[in-house]
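User: Please take a close look at the pairing of charged side chains in this model, and describe the surroundings in which such pairs are set. A careful, connected account would suit me better than a list.

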Amino acid sequence: MSTKSENPFWQTKTLDDMTQSEWESLCDGCGLCCLNKLQDEDTDEIVYTRVVCRYSDINTAQCTDYANRSVNVPSCVQLTRERVAEFDWLPDSCAYRLIYRGQPLPEWHPLVSGQAGSVKAAGVGITAIPVVVDTGDLDLEEFLMEKP
């Protein structure tokens with residue numbers, strides 16, 4: 001008789017119970033959290049743009065300098081266990097939000113599919129939308145989009 005759980009960690013652990021490696025592996029690499037967002041000063045509503053910073057690789061949806069992202073882009077917010085609940089701007093498909101809410105990961109998530117390319121193949125993320133790399137002089141309001 002096995003005492004080890006047959007279910008994967010994301011089905012048996014809370015975000016707080018996960019190791020750092022498990023936490024990091026929840027990220028599906030879609031890059032949607034890297035889209036620039038604007039906040040309406042009257043309503044506090046967050047709206048997405050199709051604009052990513054210059055460190056976003058639009059072909060892979062990965063940050064080209066992940067270790068220094070907060071230094072390179074001071075507005076880049078680091079997602080932590082303590083702050084998941086307050087980041088309601090994360091897309092509904094974000095694994096951190098899903099696990100926090102007690103919902104399952106989608107079939108295309110690499111942890112479920114076992115395939116690193118399953119996110120792109122499913123048409124999810126910044127590789128599936130026409131993103132623009134920020135040059136510093138863009139009017140972000142010209143690139144508004146619905147929340148992914």
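Analyst: A residue is called buried here when its relative accessible area is under 20%, exposed when that value is over 50%, and partly exposed in between. The model is a predicted one, and every value below is computed from it.

With that scale in hand, Arg97 is a good place to begin, because its relative accessibility of 9% falls under the 20% limit and the residue therefore counts as buried. Arg97 is nevertheless paired: it forms a salt bridge with Asp92, and the closest N and O atoms of the two side chains are 3.3 Å apart. This pair does not stand alone, since Asp92, Arg97 and Arg101 are joined into one network by salt bridges that share partners. The acidic partner sits in another class of the scale, for Asp92 has a relative accessibility of 44% and so counts as partly exposed. The bridge between Arg97 and Asp92 thus links a buried side chain to a partly exposed one.

A search of the whole structure finds four salt bridges, and two further pairs deserve the same attention. In one of them the side chains of Lys13 and Glu22 meet at 2.9 Å, taken from N to O. That distance meets the criterion, because a salt bridge requires a side-chain nitrogen of Lys or Arg within 4 Å of a carboxyl oxygen of Asp or Glu. In this pair the acidic residue is the buried one: Glu22 has a relative accessible area of 16%, while Lys13, at 29%, is partly exposed. In the other pair, Arg83 forms a salt bridge with Glu86, with 3.2 Å between the closest N and O atoms. Here Arg83 is partly exposed, with a relative accessible area of 33%, and Glu86 is also partly exposed, with 47%. The general background is simply that side chains of opposite charge can pair when their charged atoms come close.

Charge of one sign also gathers without such pairing. Asp40, Glu41, Asp42, Asp44 and Glu45 form a patch of negative charge on the surface. None of these residues takes part in a salt bridge, because a patch is made of residues that have no salt bridge and over 30% relative accessible area. Glu41 fits that requirement, for its relative accessibility is 74% and it counts as exposed. Glu41 is placed in the loop between strand 1, residues 37–39, and strand 2, residues 46–49, and Asp44 has its place in the loop between these two strands as well. Asp44 also has a backbone feature worth checking, namely a positive phi of about 70 degrees although it is not a glycine. Most residues other than glycine have a negative phi. Ala61 is another such case, with a positive phi near 70 degrees, but its setting is described in other terms: it lies in the loop between strand 3 (51–52) and helix 3 (69–72), and it is buried, with a relative accessible area of 10%.

Asp65 shares that setting, for it too lies in the loop between strand 3 and helix 3, where its relative accessibility of 25% makes it partly exposed. In space, Asp65 is 30 Å from Pro8, C-alpha to C-alpha, with their positions 57 residues apart in sequence. Pro8, in the segment before helix 1 (9–12), is partly exposed at 25%. The C-alpha atoms of Pro8 and Val112 are separated by 9.2 Å, although these residues are 104 apart along the chain. A comparable long-range approach involves Leu144 and Leu38, which are 106 residues apart along the chain and have 8.8 Å between their C-alpha atoms. Leu144 belongs to strand 5, residues 144–145, and is partly exposed, with a relative accessible area of 45%.

These details belong to a protein with six helices and five strands, which follow the pattern α-α-β-β-β-α-α-α-α-β-β along the sequence. Its radius of gyration is 16 Å, which agrees with the value near 15 Å that a compact globule of 148 residues would have. The C-alpha atoms fill a box of roughly 65 × 35 × 30 Å along the principal axes, and 31% of the 148 residues count as buried, with Arg97 and Glu22 among them.

Note on methods: Residues are numbered from 1 along each chain as its sequence is written. This is a predicted model: local features need pLDDT of at least 70, side-chain atom pairs count only at pLDDT 80 or more; totals for chains, interfaces and linings use all residues. Side-chain values use heavy atoms; hydrogens and water are left out. Patches are made of residues with over 30% relative accessible area and no salt bridge: like charges are joined within 9 Å, nonpolar side chains (Val, Leu, Ile, Met, Phe, Trp, Tyr) within 5 Å. Accessible areas come from the Shrake-Rupley method with a 1.4 Å probe; for residues, only the protein chains shown count as cover. Lys and Arg count as positive and Asp and Glu as negative; His and the chain ends are not counted. The place of a charge is taken as NZ of Lys, CZ of Arg, CG of Asp or CD of Glu. Helices (H or I, at least four residues) and strands (E, at least two) are DSSP runs, numbered from the N terminus. Buried means under 20% relative accessible area, exposed over 50%, partly exposed in between (1.4 Å probe, protein chains only). The radius of gyration is taken over C-alpha atoms; the globule rule is 2.2 Å times the number of residues to the power 0.38.
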